[in-house]
Amino acid sequence: MDIKRTEEIRLLRKTVLTITCIVLALFPAYAQDNRKNEIGLLLGGTFTPALDVAGSGANRLEIGSGITFQLTYARQLTTARSMALYFEVPALAIPLQNITSSNGTVPRNYDSFFVTPGLRVKLAPSQRVSPWLSAGGGYALFEGSEGLRNGLENPVRFTNTGALQFGGGVDIRTPLKVVTPIGLRAEVRDFYNRHTAIYHACAR
């Protein structure tokens with residue numbers, strides 16, 4: 001239990017540090033023209049479908065849900081009365097998801113990180129409530145636990161792969177303002193790669 005707790009704290013610190021660095025890097029550009037730039041900090045949950053492992057000892061992997069941290073930077077490309085187009089870069093980190101399986105050669109858990117630039121189309125951008133759709137693709141990193149479920153050392157801890165994402169949500173304007181206007185967002189995104197599909201929902 002102590003080892004698991006230490007690993008959770010380590011992964012959480014790494015995630016917070018990464019997000020903090022990105023925020024500090026993007027804030028100057030955001031402050032110069034906050035009408036065309038957006039920074040979103042979101043907290044939510046991630047759900048991953050079970051996986052069927054092929055081979056002679058075929059079995060099923062049950063992957064637990066995880067707390068998700070997301071930072072999104074978006075730049076408005078063009079706008080009209082009924083629609084606005086943005087280039088966005090969502091960066092999403094999931095510190096820990098447990099794996100349950102009878103297969104002893106899989107990790108006990110893993111954390112993941114996604115960066116998937118894309119385009120976002122926002123409807124009714126000048127209204128108080130604005131729905132939107134997003135799609136893009138980019139990079140995914142998976143870090144498995146140091147040990148496998150059978151107690152042996154994990155020989156392949158890091159996996160890099162491409163990833164696709166699409167999703168949608170709604171932005172809500174509020175009267176709040178701290179240096180810049182503050183709004184609310186609820187969204188759902190799907191992330192696909194050659195290993196698994198991740199369903200992510202969050203709000204800010």
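The exercises below, each with a worked solution, concern a predicted model.

Residues are numbered from 1 along each chain as its sequence is written. Local features need pLDDT of at least 70, side-chain atom pairs count only at pLDDT 80 or more, and totals for chains, interfaces and linings use all residues, while side-chain values use heavy atoms and leave out hydrogens and water.

**Exercise 1. Determine where the confidence of the chain is highest and where it is lowest.**

Solution. Begin with pLDDT, the predictor's confidence in each residue, from 0 to 100. Its mean over the chain is 80, and 74% of the residues reach 70 or more. Next, turn to the strands (DSSP runs of E, at least two residues, numbered from the N terminus). Strand S7 (residues 118–123) has the highest confidence, at a mean of 96, and strand S13 (residues 197–203) the lowest, at 49. Finally, consider residues 28–32, where the pLDDT is below 50; this stretch has six contacts in the model beyond near neighbours in sequence. Contact here means heavy atoms within 4.5 Å.

**Exercise 2. Describe the surroundings of Ile 99.**

Solution. First, locate the residue: Ile 99 belongs to strand S5 (residues 83–100). Second, establish its exposure, where buried means under 20% relative accessible area, exposed over 50%, and partly exposed in between (1.4 Å probe, protein chains only). Ile 99 has a relative accessible area of 8% and is therefore buried. Third, list its contacts, leaving aside neighbours within four places in sequence: among them are Leu 61, Val 106, Tyr 110 and Arg 149. Fourth, examine the backbone: the C-alpha atoms of Ile 99 and Ile 63 are separated by 4.7 Å, although the two residues are 36 residues apart along the chain.

**Exercise 3. State which strands pair with S6, and explain why S6 is described as largely enclosed.**

Solution. Two strands pair if DSSP finds at least two bridges between them. Strands S5 and S6 run antiparallel and are joined by six bridges; Asn 98 has Asn 109 in S6 as its bridge partner. S6 also pairs with strand S8 (residues 129–144), in the antiparallel sense and over six bridges. There, Phe 142 of S8 is the bridge partner of Ser 112. As to enclosure, S6 covers residues 109–115, and five of these seven residues are buried, so the strand is largely enclosed by the rest of the structure.

**Exercise 4. Trace the salt bridges of Arg 120.**

Solution. Side chains of opposite charge can pair when their charged atoms come close. The rule for a salt bridge is a side-chain nitrogen of Lys or Arg within 4 Å of a carboxyl oxygen of Asp or Glu. By this rule the count comes to ten.

- Arg 120 and Glu 38 form a salt bridge, with their closest N and O atoms 2.8 Å apart. Because Arg 120 lies in strand S7 and Glu 38 in strand S1 (residues 37–47), the pair ties together parts 82 residues apart in sequence.
- Arg 120 also meets Glu 88 in a salt bridge (2.9 Å, N to O). This pair links S7 with Glu 88 in strand S5, 32 residues apart.

Then check exposure: Arg 120 is buried, at 0% relative accessible area, and Glu 88 is likewise buried, at 0%. Both Arg 120 and Glu 38 are buried. Lastly, place these residues in a wider setting: Glu 38, Glu 88 and Arg 120 belong to a network of salt bridges that also includes Lys 122, Asp 171, Arg 185, Glu 187 and Arg 189.

Definitions and conventions:
Helix = DSSP H or I, 4+ residues; strand = E, 2+ residues; numbered from the N terminus.
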